[in-house]
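I opened this notebook to keep track of what I looked up, one topic at a time. My plan was to begin with a pocket, then turn to a helix and to the packing inside.

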Amino acid sequence: MLVYRLVTRIDELESYKDTWSGILEREKNDNPFIEYEWVSTWWRTLGSKENVEIYIVERNGECLAFFPFIRFARFGGIHQFSFLGQGFATYMEVIAESIWKEQVMEYLLKELTQKYQRVIFVLHGLLESKQTSYLLEKYAQERQLPHSVFRTVTPYIDFKSVELNAFLQKHHKNFKSINRREKRLKALGHLKFQEVSAKNLDGMFELFKRRWRKKIDRSGFTEQQTRLFFERLAMQQSNAFCVEVDNLEFEDHWIGFTIDLCCRNRNFCQAMGHEPDFNIFGPGRLIEKANMLKAHSSNYRFYDFGSGYEPYKFEWYTHLDFTRIFVMSSEGTRERLLRLMMVVRDTLKRKLSGYHQLVKLKRDRLGEFQYFLKEARLKDWFIALKKGINRMIAVTSFDLYYLQSTECQTSIDLPEIAIQDVMESDNRSQLIPQYYRGYKLYGENAQQILYLRHDTFIREEALGFTQLLPPNSTYIKEHAIELFPKIVAQVQQEGRAVCTTVNWYEWRKRKMLVKLGFEKVERVRISRLFKWQRISRQDNKWAKHIHYKGQKLDHIWHLVLFPLLI
């Protein structure tokens, strides 16, 4: 004969820890959210004010199953039962051995319905690859109870189904792009991916704050209680369950992190984050790659991305599962109405979440706008207005000036500023992308950059303009006009020619260039109307300078313009 026992305090549940874990061990459970370590940590930290009710089904004194519920009253005296951990537990389950699961579920659902009369069950996180959701459907259909099911796609990698070499080959384009960015970053400084101690998680939360500073974050990951939950969870470790936190460090600065919940043969990626100042290097992609390969080398069979429609998940997956929300109510009018309201709400929510561009607009663009309203000064408003107009319509004209290499007497000895020097700079977000684009930065210090130089390209990123330089030439930009003669002299000490650009309204700079011996070699005119863009060239005199360097006219195609959106 089956009976149930109700546990409403965590200290009462402690005596069942071994029984709970024993059932999961025999079932070879790989869902980290129903392991005792996760449930008990959640209850003590986040669920202390919730009406947690753990129903334990027994037979002749033997514990057969645990139902980790939360119960609360809705309008009209309706009692709602949900799995605990909603919003934190991606997956949930009934803790029971397979041979008993159907019987104990039928028993407890019937008992709770008879006791409370007006009930609604809202059970989230049920994987279709498990049997629980199908048993619930069978129960509802046999008793003709009103019910609804919602599905969310759940991509994952099954490393057992694919050889690593085949996986790498299948995604070679992605890996090639990631490796190229990684190589660029390693050329600038020391980069390492490493495991982080559970006692040193401050960097993870600080990085997450910076990552979401200009976005709308609904996760609450850095809130005090949530942070305490993950800190306590990271300290939990058993033969079946552990939390692994890894970071991506560049020159001893966190630029990426991942936190994973590992349960037997499953590695569940709980959260990732990266430094927005390094976006151009793709640190999110770098840590994705490192984390997947680490999971494979640690002999986890499944690398779980969690449920959702984020595009990156579908770039790597090998298999799809689906996560269900099962809603079932008793037959009363009030319960049916409440279930209908939930159906309409969840259907609309899932339809909208499937449109990634809409989600991105709300999360990113609206977040950026809110941040701008909060932080912007008057100057920022004018800059934003100008950029907005230029995105729609713009006509820009500038001239390219070129000076052959000559001997200069007066120069300035400005040191090159390495990327390590700008890591603590207030302008780090503007300076770091310049290193990726191939610029060298010079100045008094990281707070006072006096000019940028590029030895391969002329680049005007704001205009989407790039042009290859002649051999042994250097392009100079963002310089102080009063220091320009000395800057030119410093570059020409290396025996290099100098190129720079002049906007149509910079008459003082134009006059100075002529005085220094610069020659105008080309005028570039860029017209833009929304997505349409045209680049026209006038007075092209590059051929003269190619001849000067002993190049053939056959190679003039090197100087053909090719617009790039940087």
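Before using any labels, I noted that helices (H or I, at least four residues) and strands (E, at least two) are DSSP runs, numbered from the N terminus. I also noted that this is a predicted model.

Entry on the pocket. I looked up the second largest pocket, which has a volume of about 260 Å³, and of the 18 residues that line it, Glu27, Asn29, Glu93, Lys101 and Lys130 are the closest to its centre. I then found that β5 (95-96) and α4 (98-116) each supply at least two residues of this lining, which divides into 8 nonpolar, 4 polar and 6 charged residues.

Entry on helix α2. I checked residues 17-26 and found that the buried ones are Trp20, Gly22, Ile23 and Leu24, and that their cover includes α1 (10-13), α3 (36-45), β2 (52-59), β3 (62-74) and β5. After α2 comes lysine 28, with a positive phi near 50 degrees.

Entry on the cores. I reminded myself that in soluble globular proteins nonpolar side chains tend to be buried together. The largest nonpolar core here has 78 residues, of which Leu13, Trp38, Ile54, Phe66 and Phe67 touch the most other members, and α4 gives the most to this core, with 8 residues. I followed phenylalanine 66 further and, leaving aside residues up to four places away in sequence, found among its contacts Trp20 and Ile23 as well as Val94 and Ile95. A second, separate core of 49 residues includes Phe305, Ile417, Ile432 and Ile526.

Definitions and conventions: Residues are numbered from 1 along each chain as its sequence is written. This is a predicted model: local features need pLDDT of at least 70, side-chain atom pairs count only at pLDDT 80 or more; totals for chains, interfaces and linings use all residues. Side-chain values use heavy atoms; hydrogens and water are left out. On a 1 Å grid over the protein atoms alone, a cavity is a set of points where a 1.4 Å probe fits but cannot get out, and a pocket is an open set with protein on both sides within 12 Å along at least five of seven lines; lining residues have an atom within 4 Å of a point. Grid points are joined across faces, edges and corners, and a volume is the space filled by probe spheres set on the points. Ala, Val, Leu, Ile, Met, Phe, Trp, Tyr, Cys and Pro count as nonpolar, Asp, Glu, Lys and Arg as charged, and the others, Gly among them, as polar. Buried means under 20% relative accessible area, exposed over 50%, partly exposed in between (1.4 Å probe, protein chains only). Contact means heavy atoms within 4.5 Å. A nonpolar core is a set of buried Ala, Val, Leu, Ile, Met, Phe, Trp, Tyr and Cys residues joined through side-chain atoms within 4.5 Å.
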